[in-house]
Amino acid sequence: MSHSRPTNASLSELHLTGIPGLQHLHHWISIPFCIMYLITLAGNCTLLCMIKADPSLHQPMFLFLSMLAVIDLVMSTSITPKMLDIFWFRSTAISLDACLTQMYFVHTFSAMESGVLVAMAFDRYVAVCNPLRYLSILTNRVVAAIGLASLLRALVFMSPLTFQIHHQPLCSPAVVDHSYCEHMAVLKLACGDATSSNIYSVSVSTYVSSFDSLLIALSYGLILRVVLSLSSPQARKKAISTCSSQLCVTALFYIPGLLSIYMERYHQDLPPYVQVLLADLYLLIPPALNPLIYGIRMKKIRDGVWRVI
């Protein structure tokens, strides 16, 4: 049964519809969403515990992996519990302050994740192409500086999105056709002209995703060039398998996110649930897969798990 659109919603309260057009399937959709969230919690918490408990894992790659795990936990937790609340109990109401807080966390931490993915690709490039200088290049101070730079960039680029909504008058009915407080979906409630906010949102998202994915592709391209020159076929196969899996999970983060943004703005003729599902999946699938792709497949992580057990 579809949700009715409240016409008396206060501007201090918004209503999230979940996945518009698929409300009758919310209970079924909640199953994979809940499973992915549980995997995210279990996988990333396990990684953090292993890295903290094993001194041999206090190396640059695993420090970046710890940053990624924390970001994934925050990003998933900021949206999934409310989504499941909508799917299971039809609790669509969310205060404007809570909505803005959710929006801030989602967009800021997704930008941080993009920066950390670039850092991890650079880490792998140094490890493969300059192994003898690895620890001299990626010192703890450099790792901390890279993490801080990712945070500051995310704050500078994404904070205006929330401030724009905060200072924009919103009109009733205060219904957001989305499963979380995505910036462009909430901006549709604006009473005035929101063109500049829309342009800023698309421009920043395009810049961050395009620039970072280009750097990641360049890093892995240089890695593959070195890998293909290896004399051992088994080593080449293992390295290519590792790089391809990491590139696939990276693509799952960038491609659906960009598609959802452009579909929201330019393809109004498509069913709205397509854009919403893409926006949901790019925030749910990578956090669930990252511990498996970047962590569990690493021999040092597996060995660390066995040592703790």
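User: Is L161 buried or exposed?
Analyst: This is a predicted model, and in it L161 lies in helix α5. Its relative accessibility comes out at 2%. The cut-off for buried is under 20%. So L161 counts as buried.

User: Which residues does L161 touch, not counting residues up to four places away in sequence?
Analyst: Start with Y200, which is 39 residues from L161 in sequence, with 8.1 Å between the two C-alpha atoms. Leaving out anything up to four places away in the chain, the residues L161 touches are M103, H107, H183, Y200 and S201.

User: How do the axes of α2 and α5 run relative to each other, roughly parallel or roughly antiparallel?
Analyst: Helix α2 spans residues 60-89 and helix α5 spans residues 140-166; their axes come within 10 Å and cross at roughly 25°. Angles under 35 degrees count as roughly parallel. Therefore α2 and α5 are roughly parallel to each other.

User: And what is the handedness of the crossing where α2 passes α5?
Analyst: On the α2 side the contact is made by P60, L63, F64 and M67, and on the α5 side by N140, V143, I146 and G147. As α2 passes α5, the crossing is right-handed.

User: Where is S76, and is S76 buried or exposed?
Analyst: S76 sits in helix α2. Its contacts, leaving aside neighbours within four places in sequence, are Y37, T40, P81, L283 and P287. With a relative accessibility of 1%, S76 therefore counts as buried.

User: Which helix gives the most to the largest nonpolar core?
Analyst: That core has 77 residues, and L14, F33, L65, F87, M120, V186 and Y294 touch the most other members. One of these, L65, is in contact with L47, I51, M120, Y294 and G295 once neighbours within four places in sequence are set aside. As for the helix, 14 residues of the core come from residues 96-129, the most from any helix, and that stretch is helix α3.

User: What does the UniProt record annotate over residues 28-50, and how far apart are the end C-alpha atoms there?
Analyst: The unreviewed UniProt entry labels residues 28-50 a "transmembrane region", and its other spans with this label include 104-122 and 273-293. In the model, residues 28-50 are 100% helix and 0% strand, and the distance between the end C-alpha atoms is 34 Å.

User: What about residues 62-84: how far apart are the end C-alpha atoms?
Analyst: Residues 62-84 carry the "transmembrane region" annotation in the unreviewed UniProt entry too. The span is 100% helix and 0% strand, and its end C-alpha atoms are apart by 31 Å.

Terms used
Residues are numbered from 1 along each chain as its sequence is written. This is a predicted model: local features need pLDDT of at least 70, side-chain atom pairs count only at pLDDT 80 or more; totals for chains, interfaces and linings use all residues. Side-chain values use heavy atoms; hydrogens and water are left out. A nonpolar core is a set of buried Ala, Val, Leu, Ile, Met, Phe, Trp, Tyr and Cys residues joined through side-chain atoms within 4.5 Å. Buried means under 20% relative accessible area, exposed over 50%, partly exposed in between (1.4 Å probe, protein chains only). Helices (H or I, at least four residues) and strands (E, at least two) are DSSP runs, numbered from the N terminus. Contact means heavy atoms within 4.5 Å. UniProt positions are given in the numbering used here, feature names are shortened, and annotations may be inferred rather than shown by experiment. Axes are lines fitted to C-alpha atoms, for helices over the stretch in contact, and angles run from 0 to 180 degrees between N-to-C directions. Angles under 35 degrees count as roughly parallel, over 145 as roughly antiparallel, 65 to 115 as roughly perpendicular and the rest as oblique. A crossing is left-handed if the near helix is turned anticlockwise from the far one by less than a right angle, and right-handed if clockwise.
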